[in-house]
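Visitor: Before we start, I would like to go through this model with the reasons behind each term spelled out, rather than take the labels on trust.

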Amino acid sequence: MAEHIAASTPVVADPTPFTLPETQRRLLRWTLYVGYAALTAGIFHGLAQALSYAGINILSFFPALRSYYQGLTAHGVANAIIFTFSFANAFLPLMVARALSRRLDERLLWASFGTLVLGNLLVIYAVVTNKASVLYTSYAPLQAHWTYYVGLVFVVISTWLALLNMLLTWRGWKRENPGVRMPLLAHISIVSYVMWFLASLPIAVEFLFFLIPWSFGWVERTDPLLTRTLFWFTGHAIVYAWLLPAYVSWYALVPRQAGGKVVSDSLTRLVFILFLLLSIPTGFHHQYTDPGIHEGFKFVHAILTFGVFFPSLITAFSVMASLEMGGRAHGGRGLLGWIPKLPWGDPSLSAQLLAMITFVFGGITGLINASFTMNQVVHNTTWVPGHFHMTVGSAVAMTFMGVAYWMVPYLTGRKLWGRKVALASNWIYTIGLLIFARGMISAGLEGMPRRTFLAQAPYMDPDWLVGRILTGVGGTLMFVGIALFFVVIAMTVWKGRAGEAPKDIPWSETLIEPAKNGWATRLDRIGFWVIVAIILIVIAYGPFFLSYLPPNYVSPGFRIF
């Protein structure tokens with residue numbers, strides 16, 4: 001193995017350290033901080049949600065909170081949308097700038113940051129005033145105040161501006177380097193947000209042409225099935241918009257932190273292209289129980305959903321191979337002896353290693369959700385949020401926490417404060433997550449309903465008791481773990497030792513030199529793959545829209561919480 005590791009190739013255009021101007025670093029920092037502010041609100045509501053399953057009601061202590069469903073909306077929107085996209089808006093453009101050693105467009109950085117903040121303010125107003133208690137899912141007949149929909153539109157626009165910034169940076173580099181292959185780190189970062197751009201178009205149509213006019217009162221009724229379909233058109237692919245930035249770190253950064261290398265340049269690019277192609281036309285598997293959609297359409301989406309499992313499996317084996325290189329380079333021997341030799345004392349790496357371990361269970365439970373018959377059993381139970389927290393709450397959230405342990409010092413120029421506290425945060429959060437998910441999933445199999453305020457429910461099944469207790473205990477530990485993360489970040493920003501921060505991002509090298517000709521070079525033709533993705537989307541969704549349209553305007557708006 002050692003002789004192979006000696007053959008190295010960078011995944012960035014220029015291996016010498018590159019530093020963005022302070023004005024651009026400051027904008028990226030504050031983009032991160034917007035996400036952390038949202039996450040702060042989200043975790044308090046998350047604690048309240050977890051305890052409510054255990055029969056403990058602390059919601060009455062929350063100022064301005066009028067209902068359980070208002071808190072559930074705040075938890076979902078803050079954690080799953082604002083936090084995740086704020087991180088991606090900062091992380092992915094930074095990766096492209098570093099990969100190409102080029103400045104970003106500062107006007108676009110400001111525009112992306114400004115629309116993100118404006119969108120946040122509008123959404124916060126709607127949620128805090130209880131005018132948008134539509135839960136995380138936004139479709140008719142539940143109706144929110146117009147500021148909620150317009151605010152989320154601005155958040156999505158901020159992601160499009162971040163993508164435009166990355167594309168213009170790439171175009172400028174390409175003009176100066178004709179015939180040179182795009183560096184791996186730039187390729188996978190750009191493809192991540194290209195996938196999200198395609199995936200976000202249906203929800204933009206839903207909001208702009210249906211929900212916003214409906215919330216303003218310009219139209220009295222709207223189409224619940226069509227808006228629900230447009231929402232889930234985006235609603236499953238959005239999971240991969242959250243996951244792919246984590247995969248960027250796992251593929252291109254984690255190997256360096258572990259002491260290994262990227263296994264294959266071509267395989268890594270192929271995985272991201274497969275996610276671009278397969279992750280979008282899968283939305284009907286969220287609508288297995290919906291009437292009005294032919295089962296044949298649902299079957300096609302079920303097949304494509306299982307198709308996404310293949311790039312996920314490739315990711316599992318590739319990243320594990322990179323980690324094994326690192327573990328063996330640190331003296332690991334035997335079949336599994338390399339695992340304890342990994343640098344578990346690095347809080348940035350350990351957070352991501354723990355994220356990978358918990359994500360294994362998230363992927364397995366996801367296969368259950370994608371199965372037509374099994375989905376009938378678990379659809380409206382706590383199984384679903386149990387699975388969801390082992391994907392977004394583990395792979396995504398913990399990876400973003402791990403990345404923050406080098407990214408915040410890198411952007412602020414200050415050394416990470418409290419490595420031991422950060423390590424404790426990682427383990428407490430992970431243990432809490434596993435206990436929480438165990439409780440939600442087991443009780444879900446016994447039929448415990450999701451999106452229900454069980455602390456005041458007039459009914460209770462004794463078979464839910466163990467699951468309810470585990471959910472409350474696990475959720476509390478998760479809250480403690482995240483709280484410690486905030487302590488580390490805040491102390492790093494305010495008290496971190498200046499001048500001792502990392503001078504470069506932890507980019508990795510590839511094991512084998514990237515191909516200069518053949519099929520692998522075609523993976524760089526992102527425009528071509530976008531066209532292929534659109535064709536696949538048309539095949540998967542076209543028959544439904546052809547058979548269903550025009551819209552059926554039947555539903556008034558309801559505000560019942």
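Visitor: How do the residues of the lining of the largest cavity divide into nonpolar, polar and charged?

Guide: Keeping in mind that this is a predicted model, the lining of the largest cavity divides into 8 nonpolar residues, 4 polar residues and no charged ones. The lining residues include L27, L28, P93, L108, L109, F113, L161 and A162, together with T31, N89, S112 and N165. Leu, Pro, Phe and Ala count as nonpolar, whereas residues that are neither in the nonpolar nor in the charged class count as polar.

Visitor: What makes this space a cavity, and which elements line the largest cavity with two or more residues?

Guide: A cavity is a set of points where a 1.4 Å probe fits but cannot get out, and the count comes to 1 cavity of 30 Å³ or more. About 70 Å³ of space lies in the largest cavity. The elements giving two or more residues to its lining are α2 (22–53), α3 (68–100), α4 (106–128) and α5 (146–176), and the largest share, 4 residues, comes from α4.

Visitor: Which residues lie nearest the centre of the second largest pocket, and what makes it a pocket?

Guide: A pocket, by definition, is an open set of points with protein on both sides within 12 Å along at least five of seven lines. The second largest pocket holds about 400 Å³ of space and is lined by 20 residues, with A41, H45, A74, V127 and V128 nearest its centre. The elements that contribute two or more residues to this lining are α2, α3 and α4, and α3 gives the largest share, 6 residues. By class, the lining of this pocket has 16 nonpolar, 4 polar and no charged residues.

Visitor: Why is the contact of R181 with D524 called a salt bridge?

Guide: A salt bridge needs a side-chain nitrogen of Lys or Arg within 4 Å of a carboxyl oxygen of Asp or Glu, and the closest N and O atoms of R181 and D524 are 3.0 Å apart, so the pair satisfies the rule. R181 lies in the loop between α5 and α6 (184–216) and D524 in the loop between β2 (509–510) and α19 (526–548), so this salt bridge ties together parts that are 343 residues apart in sequence. Both R181 and D524 are buried, a word that stands for under 20% relative accessible area.

Visitor: How are D265 and R269 placed in helix α10, and which residues are linked with them in a network of salt bridges?

Guide: D265 and R269 meet in a salt bridge at 2.7 Å, N to O, and, because they are 4 residues apart in helix α10, they are separated by about one helical turn. D265 and R269 are both buried, and they are linked with R181 and D524 in a network of salt bridges.

Visitor: Why does V360 count as partly exposed?

Guide: Exposed means over 50% relative accessible area and buried means under 20%; V360, at 47%, falls in between, so it counts as partly exposed. V360 is in helix α13, and together with I357, F361, I364 and L434 it makes a nonpolar surface patch of about 430 Å². Helix α13 (residues 347–370) gives the most to this patch, with 4 residues.

Key: Residues numbered from 1 in each chain as written. Predicted model: local features only at pLDDT ≥ 70, side-chain atom pairs only at ≥ 80, totals over all residues. Heavy atoms only, no water. Patch = residues over 30% accessible without salt bridge, like charges linked within 9 Å, V, L, I, M, F, W, Y side chains within 5 Å. Areas by Shrake-Rupley, 256 points an atom, 1.4 Å probe, with all protein chains shown as cover. Buried < 20%, exposed > 50% of the residue type's maximum accessible area, 1.4 Å probe, protein only. 1 Å grid on protein atoms, 1.4 Å probe; cavity = no way out; pocket = protein on both sides within 12 Å on 5 of 7 lines; lining within 4 Å. Points joined across faces, edges and corners; volume = space filled by probe spheres on them.
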